Structure formats: C-alpha cells, structure tokens
Amino acid sequence: MADYFNKLPIAIDAAYLEPNVMQEMIEGKRDEIAAADNALRSGTCPGAEFIGWLKPGEILAPDEIARIKLTAAKLAHETDIMLVIGIGGSYLGARAIIEALAKDPGKVVYAGQNISADYLTKLKVQLKGKRIAINVISKSGTTTEPAIAFRILKDLVSDELATEMIVATTDVNKGALLKMATDAGCEKFVVPDDIGGRFSALSAVGILPIAYAGISIDSLLQGASACAALCANTDPLTNPAYFYAAARNILYNNGIAIELMASFEPRLHFIAEWWKQLFGESEGKNHKGLFPAAVDYTTDLHSLGQYVQEGRRIIAETFLMIDEGEPSLTIPVSEKNIDGLNYLAGREVSWVNQKAYEATSKAHRDGGVPNMTIHLKKLDATALGALIYFFEIACAISGLMLGVNPFDQPGVEAYKKEMFNLLGKPGCGEAGESAIERKFISF
Ligand code: PA5
C-alpha cells in the first residue's frame, strides 16, 4: 500500500511541478493564503453569502438526510430508472459521483443539460414503458433548459403516479418549480440559499440521485468532513487544498493559461466535467483565470497529446489517478505472438495503464508542461467526498487569491439575455431584437 496516504485518501505528487513551482514559492504564498482563508471563514470575502458548503457536515440536518435516504430507497425500489433534470451545478455533481461509483450508472439518466431535439426525442423512446422516477433540480426554478426538458418528459410518469414519482429540488421560498411541485403535491427538497449550484454536490441537489444510485451518502459526507478537518489550517504545506491553490496561482502568474485535468480512467470523465464547471465559473471573470480543460487518457494521447507535448507552452496538467482497487484483468499469452505482445503476457491491464501515466507525466514534464498528480487511494465514496470538498475549498481560495468573487457567475447571463431576446420571452424585448445580420459565404 502506498505510504503517502496519511490522514486523507487523497495525496498530491508535486515532483513534476518543479522547477516552475518550488517549495519555497509555495511557502512564499503563506500570507496571501492566510488572508484569503481569513476572508472566507470570517464571511468578509466577496460572495460570502454563498459559503454554506464550507462545513459539509452542516449542509443537511440529520432528519433531512434520513428523508433523502427514505425517498431514494422508495424510488429505487419502485422504479427502474431515475431521470435527473438539471443543468450546470444542478446536475454535474450527481453525475460525476454516479458515473464514477455506481454499480449500474445507467440507472440514472439525464436531461435538461442541453436543448437538443434529437437527445430529448431519443430519451423519450428509450424511457417509454419503463418505471420512471423524475428528480427535477433547479435552484432558480426558471432555467430554460431543464424547464423545457421537464415539460416534454414529465408525461413519462403517469398522472396517478406523479405525486409519488416526481421529486423537485429547488429554492425553499420561490420560483416556478417550487410552485409547480407544491401545486402537484410532489415531494420537495431544498437547494440551500447560501450554496451556489456548483458548490451544491453535497447538498440535496447531489445527494438524492446519488443515494438512488445505491452509493453511500454517509461515506461521501464523512469523506468530505474528514477533508474539511484537514483543510482547516492555512499552511499550504500541510493543507492539500491550499497547496493546490498556491501551485495554480504560481503557475498562472508565470504565464500558464490552461489547466488540463487528465485521467487514465473513463469513469472519472464526469469528475473532470464537474471540476471544469467549478473552476471555470468561479474564476473566469474580469478577464482572469486558468482555463480548465480536461482530457481522457490514453484515448486523448492519440489526439490532443501531440499539442500537449509540443504545442504552445501555456498548459499545466493535473493528473487524477486511482491507486488501488481496480479489477484484476491480465493480458493473455499468445502462442504465435504475432502482435509481439508476449512481453506483457500475465501483466495486469491496470499495471500497463499505470506505466502509461508514469510515462506521460514524465514526457510532458520533459516537454515543458509542469504537472502534478492527485492520487486517490481507492475510488470509493469516502475518497470522492474528500475530493469534492478538496476542490471546492481550493477553488474558493484560488479565486480569492486571484482577486475575483468565486461565488457569482455574472457572465452566464449574457447568452441568456441574447437568447431571450431572440426567443421573444415576455419582458425581454421584441423577438429577434438583438439579432445581428449574419454574413454567409456561399460556395
Ligand atoms: O453553478 C451554478 O450556479 C450554475 O451552473 C447553475 O447551477 C445552473 O445555471 C443551473 O441553475 P438552476 O439551478 O437555477 O437551474
């Protein structure tokens, strides 16, 4: 067993950050980090009204956790599939955990995260005749994408079953979804006022679908609380989240523009999607911030890998690796050995994957891409609870060090304003008002 796991099932290997990020540079960030930490915990930072996620053990009262478990168990018993309708922070946390951990991730399907007629049409066909539970999630209760999906797909649940099988997770006091759910007599769960969408994975927003998928929400929350306890001090050399925040800040100030999250495990794909939203929406403002992007290796080593190795030197990489617990699958011996693979006969596939990671991180470092690796001891609910919290608090501190409000997302409104004009939404101008003349080049 690796000996670098001490109090947490997460560890950071920073060797290949050098020489771009050296220990003394991290130490040099101590005052900045202490100031950001103080502003966050004293509630004096920008966006302080949205720090309800800071104490993961206090997000949900014990009776609310019990109600979520009960609802999830009942729905799981009485239905084949849960349809989660939501977008952004109202769906990515649940999807990230479910795709990574569920025995049968296909038991939960998603809508409202796009406006594709094709996607919705195929989903309707796929779900027809199945016993469906719907968890519609929207803090504002008015977001266009999930509202359209809910209107189109809610008939998958018959009128007689709607009260029991449709569950709404939304604001406690306001919004169209709250009214609809109240009028229909559906079960409701709350998106807390003091938690923004992308920080809501460990609230009812994420927890209900996660519990439906059969994942231990107790372990998830315990992992998050253990991480919170370890991240309570301000020293970046002992607080892993603050180390990560300091390293990102140093890289950014030295001309790195992109942080690429790279994993060698397809079931971590949506962890990276969740992480992209967390950091992109929190930091990308005032023309600042590392652009968070993600790759799935080794798949993308045969496409984007070329750019990473030899393109513009504006990328830093963060590998996300699982150390233990992968299934045993060995490469068989072949008598004729026509493919020349017998040198690997008897080797575990996971061992080969591990060597691919070791080779990639070294080649990229040698090619001028500073990189670090976040190791998960094992892919389980405890580790992922810790990881979620690790990224949340790192993101808050990183955003504050950057001088932005990590908890708002004013830029998201720009496309909505233009879209509502084009759609002719009442009160948002005349239809098509803001359209500019398109310039087609016909061939
Ligand atoms: O992180 C955020 O705040 C956003 O991604 C929201 O979660 C997303 O826009 C969906 O909003 P709502 O939950 O109000 O439908």
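Here is a short chat about the sheets, helices, salt bridges and unusual backbone spots of this predicted model.

User: What should I know about how this model is numbered and filtered?
Analyst: Residues are numbered from 1 along each chain as its sequence is written, and side-chain values use heavy atoms, with hydrogens and water left out. The model is predicted, so local features need pLDDT of at least 70, totals for chains, interfaces and linings use all residues, and side-chain atom pairs count only at pLDDT 80 or more.

User: In what order do the strands of the open sheet with parallel pairing run?
Analyst: Helices (H or I, at least four residues) and strands (E, at least two) are DSSP runs, numbered from the N terminus. Two strands pair if DSSP finds at least two bridges between them. Five strands form this open sheet with parallel pairing, and the order is S3-S2-S4-S5-S6.

User: Which strands are the edge strands there?
Analyst: An edge strand pairs on one side only. That leaves us with strand S3 (108-111) and strand S6 (187-190).

User: How many bridges hold S4 and S5 together, and what stands opposite Ile 134?
Analyst: Strand S4 covers residues 132-138 and strand S5 covers residues 166-170. They pair in the parallel sense over five bridges. Opposite Ile 134, in S5, stands Ile 166.

User: Which strands does helix H8 touch?
Analyst: Contact means heavy atoms within 4.5 Å. Axes are lines fitted to C-alpha atoms, for helices over the stretch in contact, and angles run from 0 to 180 degrees between N-to-C directions. Helix H8 (residues 176-184) packs on the sheet with its direction at about 145° to that of S5. The strands it touches are S4, S5 and S6.

User: What is the order of the open sheet with mixed pairing?
Analyst: This one is an open sheet of five strands too. S1 and S8 stand at its edges, each with a single partner strand, so one side of each is left without a neighbour in the sheet. The order is S1-S10-S9-S7-S8.

User: Which residue is the bridge partner of Ala 262?
Analyst: Strand S7 (residues 258-263) and S8 pair in the parallel sense over six bridges. In S8, the partner of Ala 262 is Val 295.

User: At what angle does helix H14 run to S9?
Analyst: Helix H14 (residues 349-366) lies across S1, strand S9 (315-324) and strand S10 (371-378). Its angle to S9 is about 160°.

User: Are H11 and H15 roughly parallel or oblique to each other?
Analyst: The axes of helix H11 (residues 240-253) and helix H15 (residues 381-402) come within 8 Å and cross at roughly 40°. Angles under 35 degrees count as roughly parallel, over 145 as roughly antiparallel, 65 to 115 as roughly perpendicular and the rest as oblique. H11 and H15 are therefore oblique.

User: Which residues meet where H11 and H15 touch, and how many are nonpolar?
Analyst: On the H11 side they include Tyr 242, Tyr 244 and Arg 248, and on the H15 side Phe 390, Phe 391 and Met 401 are among them. Ala, Val, Leu, Ile, Met, Phe, Trp, Tyr, Cys and Pro count as nonpolar, Asp, Glu, Lys and Arg as charged, and the others, Gly among them, as polar. The contact has two polar residues, one charged residue and 14 nonpolar.

User: How is H2 oriented relative to H15?
Analyst: H2 and H15 pack with their axes 9 Å apart, at an angle of about 115°. That makes H2, relative to H15, roughly perpendicular.

User: Which residue forms a salt bridge with Arg 30?
Analyst: A salt bridge is a side-chain nitrogen of Lys or Arg within 4 Å of a carboxyl oxygen of Asp or Glu. By this rule the count comes to 23 salt bridges. Arg 30 sits in helix H2 (residues 30-41), and its partner is in the loop between helix H10 (217-230) and H11, 205 residues apart. With the closest N and O atoms 3.2 Å apart, that partner is Asp 235.

User: Where is the cis peptide bond that leads into a proline?
Analyst: The proline is found in the loop between strand S1 (10-13) and helix H1 (23-27). Omega is near 5° for this bond, which runs from Glu 18 to Pro 19.

User: Which residue has a positive phi although it is not a glycine?
Analyst: Look in the loop between helix H12 (269-283) and S8. With a phi of about 55°, the residue is Asn 286.
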